[in-house]
Structure formats: C-alpha cells, structure tokens
Amino acid sequence: MTIDNTFMIKKMQKLEEMLVVFSQFTRMPFVECDEETFDDQVHIFADEQNLQEFVKSYMEKKVLLGGVKVLKNQMKGFYTSLFSMGVNAVMFHEGDSVTRVQLEELEKKPNMEALSKEKIPVINPPLQLSAVYFIQELRRPVEHDMKQLHELEEEMIANFAKSRFIIGMEVAKEEGSSEEKVRIPYVKDKEGNVFQPVFTDFAEFQKHYKQNAAKMKMAPLTMAQLPKYLVKESKGFVMNPSGFNLQLSKEQIEIIVKAFPEA
C-alpha cells in the first residue's frame with residue numbers, strides 16, 4: 001500500500017531548522033536498517049525534547065547518539081549527502097508521530113551512474129554504508145555477537161576491494177626551480193603513530209582539508225595501489241579521518257588485496 005506523505009513533506013520543507021541524530025562512533029548520521037521494509041534510514045526530529053528521549057532509549061543498548069542542528073539553508077545539502085551514504089529513507093519525528101519518508105521525495109537523486117564514472121570518486125554509497133554499519137557496531141562498548149560483526153566486516157571489506165579512493169597531495173615549487181615538490185600529508189593517533197589520510201569521496205576530502213582542499217592535488221587509487229603511496233614512517237592509512245576515522249594497516253590492506261585479486 002502506498003502512503004501519501006505530501007502533507008508531511010510540505011511540513012518538513014517549511015521547517016526553519018531540524019535536528020538530525022548523529023552517531024558518536026562515526027561522527028555521521030546514525031543509520032538503521034528497518035527490519036520490515038529494509039530501508040536504510042536516518043532519524044530527524046522537529047524538537048529537542050523528543051530527540052533527547054530517543055537518544056536516551058538507545059543508551060541502554062550502549063549506542064551513543066547525539067543531535068546536530070540543520071538549518072533551512074543547509075537542508076538541501078544534507079539530504080543530498082545522504083545519497084552518498086547509501087541512505088534511502090528518513091524517519092521524521094514530530095510530537096508523538098513518526099513518519100517514514102523516502103529520500104527521493106525530499107530531494108532529487110543525483111545521477112549515480114554518471115557520478116560513478118568520474119575519475120575522482122564523487123560518491124561511494126556501498127562502501128560508506130557498509131563501513132557505517134560495521135563501525136556503529138564495532139565501537140559499541142558491549143560483548144559483541146561475533147558472527148554478526150564478522151558478517152558486517154566481510155561486506156565492508158568486499159566493498160573496500162572494489163572501490164576507488166582519494167589521496168591528497170600538497171604540491172609546491174622549490175624556490176629558484178621549476179620543479180614541483182610533492183608532500184603527502186599525514187595524521188597522528190593518540191599514541192603518536194603516523195597514518196596517511198585516504199577518502200571514500202570528494203565530500204570527505206573537503207571535510208578534512210577544508211580551505212586547503214582547493215590547493216591540493218587529488219589522485220584516485222584502488223586498494224591495490226595504496227601501498228605504493230606509503231611513506232616510510234607511516235603505519236598505514238586512515239580512511240575518512242574527519243568522519244568514521246577507520247585505520248587500515250599496510251598488512252590489513254595486503255590481506256584484502258590478496259583475498260580479492262580480481263577486484
């Protein structure tokens with residue numbers, strides 16, 4: 001049965017601001033797969049009190065959530081970003097009512113086929129979604145269902161193997177020379193270990209480098225090509241350091257490449 005959400009969609013479009021549930025484990029919108037419809041959905045609230053009650057209910061399951069305010073002029077960009085995560089529905093909470101709205105009813109879906117053919121990865125929905133599900137579960141401070149966790153990890157790794165990534169490079173000319181000097185940026189973890197940033201898509205690249213992004217060169221790489229860009233001091237790569245922040249050691253990358261030689 002098709003439900004007419006026209007009234008609710010118009011109400012959402014008139015909001016001056018809304019509150020989106022974010023995961024503290026991924027620093028991204030919290031995503032759930034609905035057990036009945038199998039929608040990959042996020043939760044949006046019209047008011048703070050209901051959001052806090054929702055967040056509190058998940059604390060019992062050690063799922064750490066919070067709310068992020070999205071203003072009217074940010075909504076279009078926010079909805080568009082959900083497509084890059086593989087999300088297809090939103091759950092809109094207003095008072096005691098909860099309405100499921102398909103994402104395409106709120107914002108026009110980008111041409112995924114055309115975007116996937118871009119040399120630099122613009123979107124990477126299967127990888128983003130599988131990584132978000134895995135990390136949301138992995139970082140929960142509980143005794144995990146290892147079978148479930150392993151299944152989530154396997155799906156994520158399979159998507160790693162067939163994806164392309166972005167690595168950024170700082171390029172500057174040597175003083176008094178026409179030659180360019182290339183420097184690959186790095187980040188350090190809490191223990192002081194060096195990791196090199198790598199990104200699933202252009203939005204994550206921009207999120208991390210901010211105003212410096214426009215000055216940098218980007219290279220699209222497969223998983224098999226990543227080890228060639230490792231500098232001597234590096235322990236490996238960190239994927240989306242300003243997002244879900246997943247570390248991949250050189251050894252882990254080599255294992256994935258060997259497991260998927262034809263990817």
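Q: Before we start, what counts as a nonpolar core here?
A: A nonpolar core is a set of buried Ala, Val, Leu, Ile, Met, Phe, Trp, Tyr and Cys residues that are joined through side-chain atoms within 4.5 Å. Keep in mind that this is a predicted model.

Q: OK, so how many residues are in the largest one, and which have the most contacts inside it?
A: The largest nonpolar core has 53 residues, and those with the most contacts inside it are Met18, Ile44, Tyr79, Leu82, Val90 and Phe160.

Q: Which helix gives the most to this core?
A: That is helix 6, residues 125–138, which contributes seven residues to the core.

Q: And what else is there by way of a separate core?
A: There is a second core of 10 residues, separate from the largest one, and Val21, Phe54, Val55 and Val63 are among its members.

Q: Back to Val90: what does it touch?
A: Leaving aside residues up to four places away in sequence, Val90 touches Met12, Val42, Ile44, Leu82, Thr99, Arg100, Val101, Leu103 and Leu106. Of these, Val101 is the residue that stands opposite Val90 in strand 7.

Q: How do strand 6 and strand 7 pair, then?
A: Strand 6 (residues 89–94) and strand 7 (residues 97–102) are antiparallel, with six bridges between them. They form a hairpin with two residues between the strands, and Gly95 in the turn has a positive phi of about 60°.

Q: Changing topic, what is the order of the three-strand open sheet?
A: The order is 9-8-12, and the pairing is antiparallel. The twist averages 35° from one strand to the next.

Q: Why is one side of strand 9 and of strand 12 left without a neighbour?
A: Strand 9 (180–183) and strand 12 (217–222) stand at the edges of the sheet and each has a single partner strand, so one side of each has no neighbour there.

Q: How many bridges join strand 8 to strand 9?
A: Strand 8 (residues 164–173) is joined to strand 9 by four bridges, the two running antiparallel, and Ala172 has Lys181 in strand 9 as its bridge partner.

Q: What about the open sheet of four strands?
A: Its order is 10-11-13-14 with mixed pairing, and the edge strands, each pairing on one side only, are strand 10 (187–188) and strand 14 (246–249). Within this sheet, strand 11 (residues 194–198) and strand 13 (residues 234–239) run parallel and are joined by five bridges, with Phe195 opposite Gly236 in strand 13.

Q: Which helix packs on that sheet?
A: Helix 9 (residues 250–259) does, touching strand 13 and strand 14, and its direction makes about 75° with that of strand 14.

Notes. Residues are numbered from 1 along each chain as its sequence is written. This is a predicted model: local features need pLDDT of at least 70, side-chain atom pairs count only at pLDDT 80 or more; totals for chains, interfaces and linings use all residues. Side-chain values use heavy atoms; hydrogens and water are left out. Buried means under 20% relative accessible area, exposed over 50%, partly exposed in between (1.4 Å probe, protein chains only). Contact means heavy atoms within 4.5 Å. Two strands pair if DSSP finds at least two bridges between them. Axes are lines fitted to C-alpha atoms, for helices over the stretch in contact, and angles run from 0 to 180 degrees between N-to-C directions.
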